[in-house]
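Q: I would like to learn how to read the surface and the fold of a model like this one. Could we go through it together?
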Amino acid sequence: MSKKLGFRKALETKVKKSQVAAKKKAISIFTAMSVAHVDEEEAGSGEVRYVEKVLPKGDFYIGEWCDGLPHGNGKYLWTDGCMYVGEWFKGKIMGKGKFCWPSGATYEGEFKSGFMDGQGTFAGFSGDSYKGSWVMNLKHGQGVKNYYNGDYYEGEWRSGYQEGQGKYQWQNGNHYDGAWRNGLMNGNGILVWSNGNSYEGSWEDGFPKGNGTFIFPDGSFYVGVWSKDGKDMKGSYNPSDSSTENPEWDPRIVCSEYLKDCKICPGERMSILPSKKMPHWPGMSKSTDGRQRRMSDGKLNCRSWISDMPDVSATSEGDSKDGDDGIESLCLEDSSSRGSCIQFKMPTKRQGQTISKGHKNYELMLNLQLGIRHSVGRPGPAISLDLKSSAFDPKEKVWTKFPPEGSKHTPPHQSSEFRWKDYCPLVFRTLRKLFDVDAADYMISICGNDALRELSSPGKSGSFFYLTNDDKYMIKTIKKAEGKVLLRMLPAYYNHVRSFDNTLVTKFYGLHCVKLTGTAQKKVRFVIMGNLLCTQYTIHRRFDLKGSSHGRTTSKPESEIDPSTTLKDLDLNYLFRLEKMWFEEFCRQVDKDCALLEQERIMDYSLLIGFHFREVPTPLTSGAVSPTGNGDHESEEAPRLSQAGQDQTNSESPGRSIRLGINMPARVEKIVRKSDETQLVGEPTGICYDVILFFGIIDILQDYDITKKLEHAYKSMQYDPTSISAVDPKQYSKRFRDFIFKVFVEDT
């Protein structure tokens, strides 16, 4: 222990000394250097020149310069001692380069908009190093990590953690080769100790869990079912002919003692991320004749992605500001009106109407909250992921009576008397565990002091939608037939989501029913689902895609379309570009999910897509298109961003995981559909934007019943049978996949 403390103190001392030295060096450079300033008025548009610039806050840039911004190769030194040397693109760190921290740590490799993104090598001040793939500052893909304590890992990473297949070698000689999840041993793998002992089998969260075999050096072994707490452990010891082990050997010692020498090293953390050091340039937007355009008050316009700022600024090493990826409003300069701009404001008001006293569904909300609190809070047996078939029986349900005065098991309440039904409670309780939903957080979200919000109007199905105050969960009223479909497909659904962590199908957390007493005897069934678009990012565009064309356009006039509008297939004006690894995983998962839905005779589902513009780059051509899709394609100029009221987000945060369909960095490319064509997917324009992407398959409770068969027969007589939504599940699945694989493409 004393050695570790001594090592840590030595590191801290080293860092402090190096930071002080770096700052002194930077100050001496800036004060001693004579700088040749460039007259921007004499510079021609598009001309690349070499400059040396001392910036208003003392930072220094030397390198290639174009249109008032770094463009090409250049070096930037911050007054806190950080330095970047490499490629720039229109004021952004973009391409290959090297970033150096005052502590002596370095990253050398590929950058994208200031983020470490692509192939690169990080070398820490303490001896840590990582060489491999990065996505938005996080280790993601194949990579090799050497830890300062002598440990070593080679394998797959996801969102900054070991995930997938990989090998970890401890400094003491132990090594593990197998599956990982969230930085822990998870799945099938083998751990070999330096003394010759080994365990081969199933793991969960860093401990043996499930079937496995512990083998001793002399050949004797213990085989059985393992668990961390030892409660459900059972197995048998099999001695070899030359066994020296005690036949009464206790397998629980593996978790309590043997694994103490197999801790995963946390590694070195970066003091500040390069994307946080991105400078904001007081660039000047150009009119079409290349001259600077001034606002009516005489001030110069900013560049397309910058707010009005009096000087260049960048986050210093000690700052803790959130990311600059938010976009609160998009605006286009109107070429017909000098200096004016057309604003497209993002919604500041939250979706839905708060259900308060006096609302027609206020009592229903109270009943729902009381029932959920009762169901989730009720004690139950220890959860095992291996469920018996009886748990999925549709008859497996629990009725509870809620009188206003309360009862032995229910609290008193202000609502009318009602009965509450839980369908397959053990299955949904296990699903919540499988989806990493904490029971207390779940209850607080749905049953806390905050009211639910009802979305403005029911869909075509007549269902109502309710959102929790924190936006995490969506509650949908469903028909009896839909409830039967969910119960029928529940065994296959459970096995599917358990087998595929990255499944895109809707996450279901509970199926319930409220039965009102009295003369009405009304039953309201509802399902609780995860809200796919729950994020701190502003969702600027959302699409609901099925792959059909009949009636697949929004009914709103263009003037009323805003970021809360869900657009449809014929409104689609983007292609979605995913990196190769993501694209391959996306295609595999869509095929698997559609196979499940086809097997269960489900149709009429759709892919819900939402995305957030990380930035709006200045297009290379004058015929730019607004990322919001408003305005005339031929006459628009480059979109501009305002930083007023930005989203307070931090995409570099380790807690903000990147998964398939969740928080994904991607690019969208503008497409244009010709008016004289019936094609669903338009022609690419080459104009791309960096986005954060969210998507998933929704509305998966409609089977191909007699109603849908009649709808298909009727509409087929009036319209092209391939254009309508109501088709056979096999045909629906093929058409859906064909369309989705046209609008999602590999980013080359």
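Q: Leaving aside its neighbours within four places in sequence, which residues is Pro217 in contact with?

A: Happy to start there, and do keep in mind that this is a predicted model. To read contacts, set aside the sequence neighbours and look at what remains. For Pro217, that leaves contacts with Asn195, Gly196 and Asn197. One of these pairs is worth a look in the viewer: Gly196 and Pro217 are 21 residues apart in sequence, yet their C-alpha atoms are 5.1 Å apart in space.

Q: Where is Pro217 placed, and is Pro217 buried or exposed?

A: Pro217 lies in the loop that runs between β15 (207–215) and β16. For exposure, the relative accessible area is compared with a cut-off: over 50% is called exposed. Pro217 has 55% relative accessibility, so it counts as exposed.

Q: Which residues form the nonpolar patch on the surface?

A: Here we look for nonpolar side chains that gather on the surface. In this structure the patch consists of Ile215, Phe221 and Val223, and together they have about 200 Å² of accessible area. Phe221 belongs to strand β16, which spans residues 221–226. With a relative accessible area of 32%, Phe221 is partly exposed, because that class lies between the 20% and 50% limits.

Q: Now for charge: which residues gather in the patch of negative charge?

A: The same kind of search can be made with charged side chains. Asp438, Asp441, Asp450 and Asp470 make up the negative patch on the surface. Take Asp441 as a case: it sits in helix α5, residues 439–447, and is partly exposed at 40% relative accessible area.

Q: And which residues form the positive surface patch?

A: That patch is formed by Lys395, Lys397, Arg419, Lys480, Lys484 and Lys523. Lys523 is found in strand β27, which covers residues 523–530. The relative accessible area of Lys523 is 37%, so Lys523 is partly exposed.

Q: Let us step back to the whole chain. How many helices and strands does the protein chain have?

A: There are 9 helices and 35 strands in the protein chain. The chain has 748 residues, and 50% of them count as buried. Its exposed area is about 35,400 Å², with carbon and sulfur atoms supplying 50% of that.

Q: What percentage of contacts between residues at least 6 apart in sequence join residues at least 24 apart?

A: For that, we look at sequence separation across the chain. Among those contacts in the protein chain, 54% join residues at least 24 apart.

Definitions and conventions:
Residues numbered from 1 in each chain as written. Predicted model: local features only at pLDDT ≥ 70, side-chain atom pairs only at ≥ 80, totals over all residues. Heavy atoms only, no water. Patch = residues over 30% accessible without salt bridge, like charges linked within 9 Å, V, L, I, M, F, W, Y side chains within 5 Å. Areas by Shrake-Rupley, 256 points an atom, 1.4 Å probe, with all protein chains shown as cover. Salt bridge = Lys/Arg side-chain N within 4 Å of Asp/Glu carboxyl O. Helix = DSSP H or I, 4+ residues; strand = E, 2+ residues; numbered from the N terminus. Buried < 20%, exposed > 50% of the residue type's maximum accessible area, 1.4 Å probe, protein only. Contact = heavy atoms within 4.5 Å. Lys, Arg positive; Asp, Glu negative; His and termini not counted. Charge placed at Lys NZ, Arg CZ, Asp CG, Glu CD.
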